[in-house]
Amino acid sequence: NKSISQYTSETKMSPSSLYSQQVLCSSIPLSKNVHSFFSAFCTEENIEQSISYLDQELTTFGFPSLYEEPKSKEAKKELNIVAVLNCMNELLVLQRKNLLAQENVETQNLKLGSDMDHLQSCYAKLKEQLETSRREIIGLQERDRQLQCKNRNLHQLLKNEKDEVQKLQNIIASRATQYNHDMKRKEREYNKLKERLHQLVMNKKDKKIAMDVLNYVGRADGKRGSWRTGKTEARNEDEMYKILLNDYEYRQKQILLENAELKKVLQQMKKEMISLLSPQKKKPRERADESTGTVISDAEEDAGELGRESVWDLSCETVREQLTNSIRKQWRILKSHVEKLDNQVSKVHLEGFNDEDVISRQDHEQETEKLELEIQQCKEMIKTQQQLLQQQLATACDDDTTSLFRDCYLLEEKERLKEEWSLFKEQKKNFERERRSFTEAAIRLGLERKAFEEERASWLKQQFLNMTAFDHQNSENVKLFSAFSGSSDQDNLTMHSRPRQKKPPSVSNGSPICTSKGTKSLPASPTLDSCQTRPCVSEHNSVSVLNITPEETKPNQVGRECSSQTWSVASRPGSQEGCYSRCSLTYTNSHVEKDDLP
Amino acid sequence: MNFSEVFKLSGLLCKFSPDGKYLASCVQYRVVVRDVRTLQILQLYTCLDQVQHMEWSADSLFILCAMYKRGLVQVWSLEQPEWHCKIDEGSAGLVASCWSPDGRHILNTTEFHLRITVWSLCTKSVSYIKYPKACQQGITFTRDGRYLALAERRDCKDYVSIFVCSDWQLLRHFDTDTQDLAGMEWAPNGCVLAVWDTCLEYKMLLYSLDGRLLAAYSAYEWSLGIKSVAWSPSSQFLAVGSYDGKVRLLNHVTWKMTTEFGHPAAISNPKTVVYKEVEKSPPLGLGPLSFPPFRAGTCPLTATSPESKYEVASVPISLQTLKPATDRANPRMGIGMLAFSPDSYFLATRNDNVPNAVWVWDIQKLSLFVVLEQLSPVRSFQWDPQQPRLAICTGASKVYLWSPAGCMSVQVPGEGDFPVLSLCWHSSGDSLALLGKDHFCLCFLETSEGVREALGQRASQT
């Protein structure tokens with residue numbers, strides 16, 4: 001490419017082309033060369049021609065003319081030095097640019113060359129790879145073929161073996177028949193011999209065959225032997241059938257006994273199932289399963305039917321279908337119930353600790369921590385304010401002039417401090433008030449709790465009495481009881497938390513105003529906890545305190561949300577719900593108070 | 001546990017009377033009757049030849065002594081020593097003799113099984129039963145002694161005849177669907193007769209008393225079949241041991257298989273207890289599993305054979321097996337012995353190609369309970385008739401006892417070696433006769449309570 005351009009420029013035989021050729025050939029032309037070159041181009045004699053030539057050339061390339069603009073057509077063209085110089089400069093710039101471009105092109109060329117090499121090597125490698133994989137494929141194909149061959153052989157062998165087995169079995173069978181045949185033949189012969197022997201031995205009045213007995217003894221049963229008659233035969237038959245009958249009767253009795261036992265078990269199970277399952281109907285909202293609801297009602301109907309003892313005494317035929325259906329239904333309910341319980345358990349497990357009181361303690365700790373932090377902050381604020389005051393006082397004593405100078409500032413400062421002080425006091429008062437409200441809530445809750453416990457105890461007692469009486473008509477009570485006993489987790493929980501719950505009321509009863517104590521004994525109940533947390537939450541965002549939406553609580557208390565949710569799931573209907581709402585009322589009050597704060 | 005002195009014996013003929021008062025033993029041609037408690041000789045009878053078979057009548061009043069070689073049967077009365085009875089079968093010969101359950105008739109089988117002669121001790125009457133079948137167990141009486149089932153063979157077909165024992169009248173006669181009937185046995189309740197085919201074919205047939213076929217059971221084909229059969233005392237189960245080394249339990253309602261007990265040589269179930277008998281170097285102290293010492297002075301212990309004790313082996317364990325020669329007839333394989341405990345709670349079995357081991361199965365749980373591995377092949381075992389207690393003998397001079405509480409190995413004291421080849425329990429379960437080739441002795445166990453206590457202690461020690 002390069003050489004071609006060189007040649008073309010050479011053919012032109014123009015000085016510039018020669019020059020360019022020179023330039024191209026030697027990237028860094030020596031000044032000497034340049035000088036000699038120029039001397040060759042322009043001599044003393046042909047200055048004019050050279051100039052005109054150059055002018056022509058340059059104008060053709062778009063440079064301004066080297067000559068001055070002729071004033072008239074006749075006037076001789078004057079060489080314009082400025083134009084020459086400009087041209088020269090422009091040429092030089094151009095040349096530099098060209099050189100740069102050339103360099104770039106060269107590097108690019110080199111790069112391309114190396115790229116090319118790389119690609120070529122890549123190509124070669126890939127080709128090699130292709131070859132090897134092709135070889136591999138061939139090898140695998142060969143192996144496949146061999147394996148197929150082997151497989152075919154094995155199949156053949158298997159078939160042969162099967163044939164062999166078949167053959168052997170046939171042989172065995174034929175041998176067996178042959179053996180049996182031979183046996184029969186032999187036996188016949190043997191029988192013939194036996195017969196013959198019998199005739200020989202028995203029929204010949206063998207004197208020897210005899211019994212020599214001193215005297216005959218009586219029969220074991222004391223009876224005399226009876227003649228064999230048709231009567232005895234009939235009696236024997238009768239006796240035999242009697243024996244058989246007795247055996248069958250015995251077996252039937254046993255089966256009946258077993259059946260009765262099983263029925264009893266079934267009945268008991270059914271009763272227990274009914275008592276266990278029916279209370280689910282009480283909470284249709286929680287157990288939103290409509291299908292089970294209907295099933296339960298069915299089951300209850302069945303229970304009413306089957307509860308009658310007479311049904312159980314019927315033969316299985318008539319009751320069987322009914323019975324199995326009801327059992328199946330109840331079993332299904334039980335299964336779903338157990339599954340539900342399982343789900344709950346797993347959910348609780350996911351949330352970490354199962355026990356609510358643990359969560360409440362955590363909450364309480366968080367709460368106290370927060371309060372402590374606030375107290376700390378307040379203390380610090382007081383300290384800094386005091387320091388500032390002292391400093392200012394000290395400076396005032398030191399320098400009268402400065403004091404005078406700063407008098408106005410000090411006054412201002414004092415004013416501000418006073419303001420702050422009052423603000424702080426107010427805040428403190430608010431805190432106190434808040435605490436008092438908490439203690440009040442605690443007291444109320446404690447009372448509520450106590451009342452609930454009592455209620456529950458009485459319920460339980462009643463239930464127990466009902467249970468022992470086993471009165472079927474009082475199934476309502478039984479149901480409720482089993483609702484409690486059914487969810488054993490909850491029950492356990494209440495059992496565990498009962499001793500601790502008893503404390504708060506006693507404390508608060510004794511000193512309802514003792515706020516610090518009250519707050520410390522608070523953690524026992526989860527409801528209290530939840531109302532404790534809310535105010536703190538709302539403190540941070542003072543927007544409409546009265547309606548606390550879940551969105552508000554979310555950013556601060558994520559874990560709390562979960563815990564409160566679990567609480568609501570596990571909560572029993574009744575007094576606790578009310579307690580919860582009342583607590584929320586108390587803290588809303590405190591919010592209103594807080595809202596006054598700047 | 002006390003041992004009596006050693007008495008002479010021949011032919012392993014030593015039997016307790018059914019009422020448990022007497023003990024009869026044979027020494028050559030003499031029959032000695034002893035009081036079980038005092039072991040004093042009450043009667044001594046002299047037979048005409050060496051006794052080959054001896055049997056008490058069911059009422060314990062008579063003793064039957066058969067001398068097969070001479071074709072003779074002699075009967076002795078316990079109440080009247082001067083009373084005697086001799087039955088001569090003459091040229092017909094004699095191969096088997098037994099009492100009928102009423103104790104007043106004797107059933108003699110002639111040579112070649114030509115016939116069975118029923119001799120009465122009350123009357124002169126003699127009955128003949130033709131065509132008895134020569135087989136393993138061709139005669140069987142019901143427990144209550146009312147009926148006799150007899151296998152017969154006529155025209156290459158098997159038949160079963162049921163007789164009323166009181167007057168030997170034929171009650172039922174029916175052919176059985178067997179190739180070659182090998183044995184039969186009444187259920188303890190006397191209402192079902194189990195009939196099984198020869199070992200060439202696995203076939204178990206169950207007939208009602210009135211001859212109806214209740215069920216037929218076959219576990220497999222083409223291989224050697226049934227080897228041993230046992231009814232549970234409650235008649236609820238029929239255990240069938242076969243040559244494939246398995247016991248199959250059939251139930252009495254559907255007569256189908258309830259479960260299958262395999263007897264693999266490797267025991268891997270950790271719930272199974274494996275007691276392994278190990279030798280103990282002689283004068284060492286008594287290990288935890290051997291029984292307390294015998295009354296000092298009365299029975300000097302001369303340790304001619306090494307003592308042994310049981311150790312609880314840790315599972316998994318593999319038992320010693322015998323490679324049976326399958327190209328010979330009657331190969332030593334399969335379940336050769338099986339017996340239910342009297343309360344039907346346990347089943348003891350022996351697999352003949354694991355001859356040193358006794359398997360005890362729990363029938364309530366239908367699973368393997370205990371395996372006892374002895375040092376030498378188990379000769380015989382028998383359950384205590386009163387409680388679940390198993391006595392085992394192996395031909396060594398020891399007796400082994402197992403109960404759910406544990407097991408123990410007891411050296412039989414006495415001069416010289418006393419290999420115990422067989423044993424039989426007294427009906428009360430308080431004593432045990434240990435029979436050797438030439439001698440026998442009695443082994444008195446403590447009262448059942450005492451033993452139970454001792455066993456309990458042993459169990460707690462281990």
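1. Let's start with B:Cys14. In this predicted model, B:Cys14 has a relative accessibility of 3%, so it counts as buried. Could its sulfur be tied to another cysteine? What is the closest cysteine sulfur to that of B:Cys14, and how far away is it? The closest one sits in B:Cys424, at 5.4 Å, which is too far for a bond.

2. B:Cys443 tells a similar kind of story. This residue is buried too, with a relative accessible area of 1%. The closest cysteine sulfur to its own belongs to B:Cys441, and the two sulfurs are 7.1 Å apart, so they are too far from each other for a bond.

3. A quick reminder before the tally: a disulfide is a covalent bond between the sulfur atoms of two cysteines. The cut-off used here asks for the two sulfurs to lie within 2.5 Å. How many disulfides does that give over all chains? The count is zero.

4. Next, have a look at a sheet in chain B. Six strands make up this open sheet, and going across it you meet them in the order β29-β28-β34-β33-β32-β31. The pairing is mixed. Which strands stand at the edges? They are β29 (307-313) and β31 (335-340) of chain B, and because each has a single partner strand, one side of each is left without a neighbour in the sheet. On average, neighbouring strands here are turned by 20° against each other, ignoring direction.

5. Zoom in on one pair from that sheet. Strand β28 of chain B, covering residues 273-280, runs antiparallel to β29(B), and seven bridges join the two. If you want a spot to click on, try B:Lys276: the residue opposite it in β29(B) is B:Glu311.

6. Now for a loop residue. Where is B:Thr198? You'll find it in chain B, in the loop between β20 (192-197) and β21 (204-208). Is B:Thr198 buried or exposed? It is buried, because its relative accessible area is 15% and the limit for that label is under 20%. Leaving aside residues up to four places away in sequence, B:Thr198 touches B:Asp180 and B:Ala182.

7. Finally, chain A. Here you get 19 helices and one strand. The chain has 598 residues, and 24% of them are buried. Its accessible surface comes to about 43500 Å², with carbon and sulfur atoms providing 57% of that. As for contacts with a separation of 6 or more, 67% of those in chain A are between residues 24 or more positions apart.

Key. Residues numbered from 1 in each chain as written. Chains lettered and ligands numbered in written order. Predicted model: local features only at pLDDT ≥ 70, side-chain atom pairs only at ≥ 80, totals over all residues. Heavy atoms only, no water. Helix = DSSP H or I, 4+ residues; strand = E, 2+ residues; numbered from the N terminus. Buried < 20%, exposed > 50% of the residue type's maximum accessible area, 1.4 Å probe, protein only. Contact = heavy atoms within 4.5 Å. Areas by Shrake-Rupley, 256 points an atom, 1.4 Å probe, with all protein chains shown as cover. Pairing = 2+ DSSP bridges. Axes fitted to C-alpha atoms, helices over the stretch in contact; angles between N-to-C directions.
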